[in-house]
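Colleague: I am new to this one. Please show me the model, and I will ask how each label was earned.

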Amino acid sequence: MCGIVGYLGKRDAYPVLIKGLKRLEYRGYDSAGVALITDQKELRVYKTKGKVSDLEAYAQDKDTSGCAGIAHTRWATHGEPNSTNAHPHISASGNLAIIHNGIIENYAVLKEGLQRNGVTFQSSTDTEVLVQLIDYIQQKRNVDLLTAVRMALRQVIGAYAIAILDKNDPNKIIAARKSSPLVVGVGEDEFFIGSDASPLIEYTDKVVYLDDNDIAIIHRGEPEAEFVNFNNEKIDHEIQTVDLNLGQIEKGGYPHFMLKEIFEQPDCLQDCMRGRINVDANNVVLSAVIDYRKELINARRIIIVACGTSWHASLIGKQLLENICQIPVEVEYASEFRYSNPVIDSSDVVIAISQSGETADTLAAIELAKQRGAFIFGICNAIGSSIPRATHTGCYIHVGPEIGVASTKAFTGQVTVLTMLALALGKARGTIKNDDYVALVKELNDIPEKMKKVLEQNDRVRDISRVFTYAHNFLYLGRGYNYPVALEGALKLKEISYIHAEGYPAAEMKHGPIALIDEEMPVVIVATQNPLYDKLMSNIQEIKARKGRVIAIVSEGDEKVKALADEYVELPHTIECLEPLLSTIPLQLLAYHIAVCKGKDVDQPRNLAKSVTVE
């Protein structure tokens, strides 16, 4: 959730750090700070509540010299958002500065012990406890910084990615991780540290992804970083090349990342399917299904674990896998699954879905399922992230970095991968007729072009949004494959416009939500021409009888629903199970334009973080 950047090399560190923090703003934050070892060998820390731009303004007349530094954007967990609780935190001796992503669960016990030994604290954060502990050990035991870090981390319970500066050793930065992402970038006579690769790619495409309990020691002037474990045993890490470019993490002329990413979806899904659907568009080939055919074909049950938008994609995946593969599927919130003492054994397949590949609850669910013998399949976007490394096999969605906090292209990418997985597995199990299989593959291959037709209605959705900006509540309805789309549409509106919205299966409207409907309640209903069309028509008539305002997502040429609805958006015709890939786009646009009309910060909505790396 928090963003970490570090630099050690020949450049001025401050501009690199500030630019890096801006690259990480999408993760969500409420304060920002930077620590530098200046040319005068002094440790300078500047931090403030608010945006990175506020930090820049605060530091404008300060000494920001020096070629070594660490920087941080904080998403508050322990202690309210203010300049005191912002990172970096300084040790009592004034020698050390630390930045930290994660939660130190036993911080209160550690803090009490340090206070008994005379250590005083300036903040109410768990992070300051860690830097004070490292400093106390270093002073009391008369050991070097690396030894003090190793000894301190042995006492820590929780999750962390940290980077530490020592003003007495300005040519070194020490970093470590456990259950929170951290990457080291390797340049020419310089090193970078980041929560992910986005702050580094302007300078290098060579990175090392740290594993749990790794400690990295980077030295100025050394060609390589050093990696050890808590026992000071050397670890060999392969340097990887990041396939990422600046254009992917810049707005490219769009006013917001979210709008850019909505419009990227046709190209992103082509990238997602490239190499997996053959040139004749009549076959899906997934290496994971080929390499692990036995484990997947013989699955007694599939359990999908996910959070947020990924959970909504999972609900669509459940229907796809059950209908095409004839395997029973359960969908669980990862945060509940990990504490529910689930009944799992070696005949189960657990599919873990996460855009970032770092979601803490999903990672914990994976570890629990592995301990009980399940086969783990990961679906992620971020290459080299923790979930792909923790699973037996899986698929990347390959939609490129998603910067907007409200997920858009990752959702359609996840649904696309789940569709391809269901097709490949259904064919391997012999549970889908060949004609149906070929028809679905061909139609899936055509979806990007049909998405472009939906996006051509952006201006129409924008005009609709202006009418409904006043609303305080929304109801979203759908059935079958489009019920999860209703949930996702409601979530998008809540996330970025702060309007209360609820998604329901349309048939459940009569079991409570219908009491809310009046002339002030807009109802968004996905009413495409599928087998449940007549029932959806009845729902619309029930809404109109109570003076509700209907925004309908309809199939192209459907005059019946258009005549009933107050507003509508048309979709090209497609096979029912593929409809979510089209029907979700108008709902993304609706949420976006309403939020813009309300003057909200679309890309960085309040209180939200892109990657939820803590519980």
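Modeller: Start with the buried residues of α4, which pack against β5 (89-90), β6 (96-104), α3 (107-116), α5 (145-155) and β7 (158-166). Packing here rests on contact, meaning heavy atoms within 4.5 Å. This is a predicted model: local features need pLDDT of at least 70, side-chain atom pairs count only at pLDDT 80 or more, and totals for chains, interfaces and linings use all residues. Residues are numbered from 1 along each chain as its sequence is written, and side-chain values use heavy atoms, with hydrogens and water left out.

Colleague: What makes α4 a helix, and how many residues does α4 have?

Modeller: Helices are DSSP runs of H or I with at least four residues, while strands are runs of E with at least two, numbered from the N terminus. Helix α4 (residues 126-141) has 16 residues.

Colleague: How do you know what span to expect for α4?

Modeller: The expected span is 1.5 Å times one less than the number of residues. For α4 that gives 22 Å, and the first C-alpha to the last reaches 23 Å, close to the expected value.

Colleague: Why is α4 called mostly covered?

Modeller: Buried means under 20% relative accessible area, exposed means over 50%, and partly exposed lies in between (1.4 Å probe, protein chains only). In α4, 12 of its 16 residues are buried. Among them are Val129, Leu130, Leu133 and Ile137.

Colleague: Why is histidine 398 called partly exposed?

Modeller: Its relative accessible area is 34%. That value falls between the two cut-offs, so the label fits. Histidine 398 lies in the loop between β19 (393-396) and α14. Its phi is near 55°, a positive value in a residue other than glycine.

Colleague: What makes tyrosine 498 count as partly exposed?

Modeller: Tyrosine 498 has 25% relative accessibility, so it also falls between the cut-offs. Its place is the loop between α17 (483-497) and β21 (500-505). Phi is positive here too, at about 65°.

Colleague: How do you know that β9 and β10 pair?

Modeller: Two strands pair if DSSP finds at least two bridges between them. β9 (residues 183-186) and β10 (residues 191-194) have 4 bridges, so they qualify, in the antiparallel sense. Valine 184 has isoleucine 193 in β10 as its bridge partner.

Colleague: Why are β3 and β14 at the edges of their sheet?

Modeller: The open sheet of 8 strands has the order β3-β2-β4-β1-β10-β9-β11-β14, with antiparallel pairing. β3 (43-49) and β14 (240-241) each have a single partner strand, so one side of each is left without a neighbour in the sheet.
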